Every structure is written in structure tokens, then in C-alpha cells.
Amino acid sequence: MHVTLRTPVAQPPAQVFAGFTRELFLALAPPFPKLRLHRFDGCQRGDQVEIELVSGPLRQRWTSLITDHGVEPDGTHFFVDEGQVLPAPLRYWRHRHLIEPGPRGGSVIVDALAFRTASPILDALLYPLMWAQFAYRQPIYRRVFA
């Protein structure tokens with residue numbers, strides 16, 4: 001299943017890319033489930049992010065590896081995180097973070113994610129939740145990169 005959200009912001013791509021820090025990662029976390037950050041290396045190839053999702057007594061680990069990063073010829077900055085250890089019911093996770101030059105200056109942050117569970121039906125049921133989790137980020141992006 002694929003989810004893509006686009007958020008225009010005022011700052012240029014290189015500045016936005018540099019702003020993807022531990023502090024931003026924590027600011028982007030939705031209120032539910034509660035997130036505990038155990039490791040945040042950064043957004044370059046080989047970096048890892050390890051979190052724990054807490055929902056009442058249930059705790060699940062999530063580890064992502066940054067598998068690629070760079071700058072495209074058009075000035076788009078990007079990095080890709082891929083799930084290594086995923087919480088149930090996820091079986092696959094790939095999130096491309098694109099920071100494209102904006103049409104009138106600034107940037108457009110693109111969250112392009114692909115995910116899978118064991119069932120296409122469950123994938124479809126999770127789609128609105130995934131969309132909402134990333135739509136939650138849009139006002140935060142706009143405020144941070146104003």
C-alpha cells in the first residue's frame with residue numbers, strides 16, 4: 001500500500017534537509033501511540049533510528065535503517081528509511097523523504113511511504129491510519145520550516 005503527502009514550506013531544500021534532526025523527529029511524533037526514542041543517528045546512509053511504541057501495557061520495537069540519501073540533479077534532497085524490525089502487524093516499511101525545490105521558492109516535503117502487512121485487507125484498513133499519522137506532520141513542517 002502506498003501513501004504520499006506533500007507539504008509546501010518556505011525554506012530551501014538544503015536547509016530543510018539539515019533540519020531533519022532528533023528534535024524534529026520527536027516533534028513529528030503523534031500523540032498516539034506514545035513513542036520512546038532509543039536511537040537517532042541521523043538521515044544519512046547507514047544511520048539507524050530505534051523507537052519503542054507504547055500503547056498501555058503493549059510495547060513494540062521499531063528499527064529503521066537509512067538505506068539511501070543524496071541530492072538529485074534537480075536539487076531534490078532525499079533520504080530513505082526502511083524497516084528492519086517492525087511492530088505488528090507491519091511486515092514491510094519503506095519511507096522516501098523527498099525535499100523538492102518549490103515552484104515559487106521554498107520546498108515541498110514529500111512523505112512517500114510503502115507498507116505491507118500479511119493481508120491486503122488489513123493494508124486497506126490501515127491506510128487511513130497511516131495517512132492520518134503523516135497528515136499530522138504537515139502543520140509541524142510548516143511551523144518549523146517557516
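**View 1. Helix α4 lies across three strands of the sheet.** In this predicted model, α4 lies across β1, β6 and β7. The helix runs at about 25 degrees to β1. Which residues of α4, spanning 137-144, are buried? They are R137, Q138, I140 and Y141. These residues sit on the same side of α4, because they cover an arc of only 165 degrees around the axis. And what do they pack against? Their partners are the strands β1 (2-9), β6 (92-101) and β7 (107-116), together with the helices α2 (22-28) and α3 (120-135).

**View 2. Helix α3 lies across β1, β6 and β7.** Look next at α3, which runs at about 155 degrees to β7. We will meet this helix again in the view of the core, where α3 gives four residues to the largest nonpolar core.

**View 3. Seven strands build an open sheet.** If you walk across the sheet, you meet the strands in the order β1-β7-β6-β5-β4-β3-β2. How do the strands pair, parallel or antiparallel? The pairing is antiparallel. Which strands form the edges? They are β1 and β2, each of which pairs on one side only. From one strand to the next, the twist averages 20 degrees. As background, the strands of a sheet pair through backbone hydrogen bonds, either parallel or antiparallel.

**View 4. Strands β3 and β4 are joined by bridges.** Zoom in on one pair of neighbours in the sheet. Strand β3 covers residues 48-55 and strand β4 covers residues 58-71. How many bridges join them? There are eight, and the two strands run antiparallel. To find a bridge yourself, start at Q48: its bridge partner in β4 is L65.

**View 5. The largest nonpolar core holds 33 residues.** Nonpolar side chains tend to be buried together in soluble globular proteins. Which residues have the most contacts inside this core? They are F20, W93, F115 and F145. Among the contributors, α3 gives the most, with four residues. A second core, separate from this one, has five residues, including F78, V80, L98 and V110.

**View 6. F20 touches residues from many places along the chain.** Leaving out residues up to four places away in sequence, F20 touches F40, C43, F79, H97, I99, I109, Y141 and F145. Is F20 buried or exposed? With a relative accessibility of 9%, F20 counts as buried.

**View 7. F17 and F79 form an edge-to-face aromatic pair.** The structure holds seven aromatic pairs, and here is one of them. The centres of the F17 and F79 rings are 6.0 Å apart, with 75 degrees between the planes. Why is this pair edge-to-face? The angle of 75 degrees is over 60, so the pair counts as edge-to-face. The pair links distant parts of the chain: F17 belongs to helix α1 (residues 13-18) and F79 to strand β5, 62 residues apart. Both rings belong to buried residues: F17 has 16% relative accessibility, and F79 has a relative accessible area of 4%.

**View 8. F20 and F145 form a stacked aromatic pair.** Here the ring centres are 6.1 Å apart and the planes are at 25 degrees. F20 lies in the loop between α1 and α2, while F145 is in the segment after α4, so the pair ties together parts that are 125 residues apart in sequence. At 2% relative accessibility, F145 counts as buried. Step back a little, and F17, F20, F79, Y141 and F145 appear as one aromatic cluster.

**View 9. Two peptide bonds before prolines are cis.** One joins F32 and P33, with omega about -5 degrees. Where is P33 found? It is in the loop between α2 and β2 (34-40). The other runs from A88 to P89, with omega near 10 degrees. P89 lies in the loop between β5 (77-85) and β6.

**View 10. E72 lies in the loop between β4 and β5.** At 34% relative accessibility, E72 counts as partly exposed. Which residues does E72 touch, not counting those up to four places away in sequence? They are F78 and R96. For a sense of distance, the C-alpha atoms of E72 and L98 are separated by 9.8 Å, while the two residues are 26 apart along the chain.

Key:
Residues numbered from 1 in each chain as written. Predicted model: local features only at pLDDT ≥ 70, side-chain atom pairs only at ≥ 80, totals over all residues. Heavy atoms only, no water. Buried < 20%, exposed > 50% of the residue type's maximum accessible area, 1.4 Å probe, protein only. Arc of directions from axis to C-beta. Contact = heavy atoms within 4.5 Å. Core = buried A, V, L, I, M, F, W, Y, C linked by side-chain atoms within 4.5 Å. Pairing = 2+ DSSP bridges. Axes fitted to C-alpha atoms, helices over the stretch in contact; angles between N-to-C directions. Phe/Tyr/Trp six-rings, centres within 6.5 Å; stacked < 30°, edge-to-face > 60°.
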